[in-house]
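Subject: Structure handover and findings

Dear colleague,

Please find below the structure that I am passing on to you. My notes on its strands and aromatic rings follow it.

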Amino acid sequence: MKHLVKLLVLPLLLCCCACSSENGDPWNMDGQQEQVEKCMVRMSLTRADGENAFAEEGISEITIFVYHQLRTGTELLEARTVNTDNSTIQFELPLGETYQTFVVAGAASVTNNETLETVQLHLDPAQQQDVWLSGVVRFASDKSVSNLNLTMRRMVAQVSFAPLETTKELAARSEFDNLQLTFTNVATTWQVKTGLPMVEDLKLTTTAAEGYHSSFRTFATGENAGMSIDYLKGDMVVNSSPSLLEVGTKYETSHSYELLVPITNSDYVTKPFTD
């Protein structure tokens, strides 16, 4: 469920093991092939909410990442992409090892996935699609039955910008015809291992033809958001906000924020517009 917040801007899983032995594995000192027992792990994927969310957002695939836990870190064992219709995925893993896994859907890209310590998710802020992610689950492949809870949750917030003035009021202004908006404390990259965003500034342009409306998506951030506005006539900057405008909130997962700004108000510009 998404929550709408209007703001006036001021100055997976069940896992069970069935064990087997396989040839084709390391040779022992006598030159004989050793048998390595393996465990069939069955993973069932679940979502925290939004039964039809994937179909509504055009998400057709999910990717499961499995990492082998080593003494000094992790290494990618397998990244498997399956259709969202698949609710059960099987992995055959060597018995007696430790692994870590997570599931993701809707990300624009996944980079640095060679290890769990470095893997990052990226979103396209302009894309009207959520990113879904499970927590990282650590498990051992053994002969006992293990129950792993790997539930996918929405990871992004939607932010919309709109002028407080009416369309008629804005149509009467001739001093500017487009705005460059700079939003602070926005995150388009998420670090899976630490569960933390990489915060940055995001620049967007909106025009008179668009009613000076704009929107974007961001991962949840831990810092209060802010923004600034540059007013342009063509390519020339003719005015700007005097300082950073405080949004007055942190962007939280599964929330929608509508930022309402009186863009022609004299308190919001360096040089007041004449009436």
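Which residue in β8 does Val 66 stand opposite? The residue is Thr 101. Please note that the model is a predicted one.

**Strand β5 and its partners**

Val 66 is opposite Thr 101 where β5 pairs with strand β8, which covers residues 98-105. The sense of this pairing is antiparallel, and six bridges make it up. Strand β5 itself spans residues 61-70 and is mostly covered, with eight of its 10 residues buried.

β5 also pairs with strand β6 (residues 73-83), again in the antiparallel sense, over 10 bridges. Within this pairing, Tyr 67 of β5 has Leu 76 of β6 opposite it. The connection from β5 to β6 is a hairpin through two residues.

As background to these opposite positions, side chains in a regular strand alternate between the two faces of the sheet.

**Strands β14 and β21**

A parallel pairing is found between strand β14 (residues 156-163) and β21, with six bridges. Here Phe 161 is placed opposite Leu 259 of β21. Strand β21 runs over residues 255-261 and is mostly covered: of its seven residues, six are buried.

**Aromatic rings**

How many aromatic pairs does a search of the whole structure find? The search returns 12. One pair is formed by Phe 54 and Trp 132, whose ring centres are 5.3 Å apart. Their planes meet at 85 degrees, and an angle over 60 counts as edge-to-face, so this pair is edge-to-face.

The two partners come from distant parts of the chain, 78 residues apart. Phe 54 belongs to helix α1 (residues 53-57), whereas Trp 132 belongs to strand β11 (residues 132-133).

Are these two partners buried or exposed? Buried means under 20% relative accessible area. Phe 54 has a relative accessibility of 5% and therefore counts as buried. Trp 132, with a relative accessible area of 0%, is therefore buried too.

Elsewhere, ring pairs link four residues into a cluster, namely Phe 176, Tyr 212, Tyr 231 and Phe 273. A contact of another kind involves Arg 80, which lies over the face of Phe 91 at 4.1 Å from the ring centre.

I would be glad to receive your comments on these points.

Yours sincerely

Notes:
Residues are numbered from 1 along each chain as its sequence is written. This is a predicted model: local features need pLDDT of at least 70, side-chain atom pairs count only at pLDDT 80 or more; totals for chains, interfaces and linings use all residues. Side-chain values use heavy atoms; hydrogens and water are left out. Rings of Phe, Tyr and Trp (its six-membered ring) pair if their centres lie within 6.5 Å; planes under 30 degrees apart count as stacked, over 60 as edge-to-face and the rest as tilted. Helices (H or I, at least four residues) and strands (E, at least two) are DSSP runs, numbered from the N terminus. Buried means under 20% relative accessible area, exposed over 50%, partly exposed in between (1.4 Å probe, protein chains only). A charge sits over a ring if NZ of Lys or CZ of Arg is within 6 Å of the ring centre and within 35 degrees of the ring normal. Two strands pair if DSSP finds at least two bridges between them.
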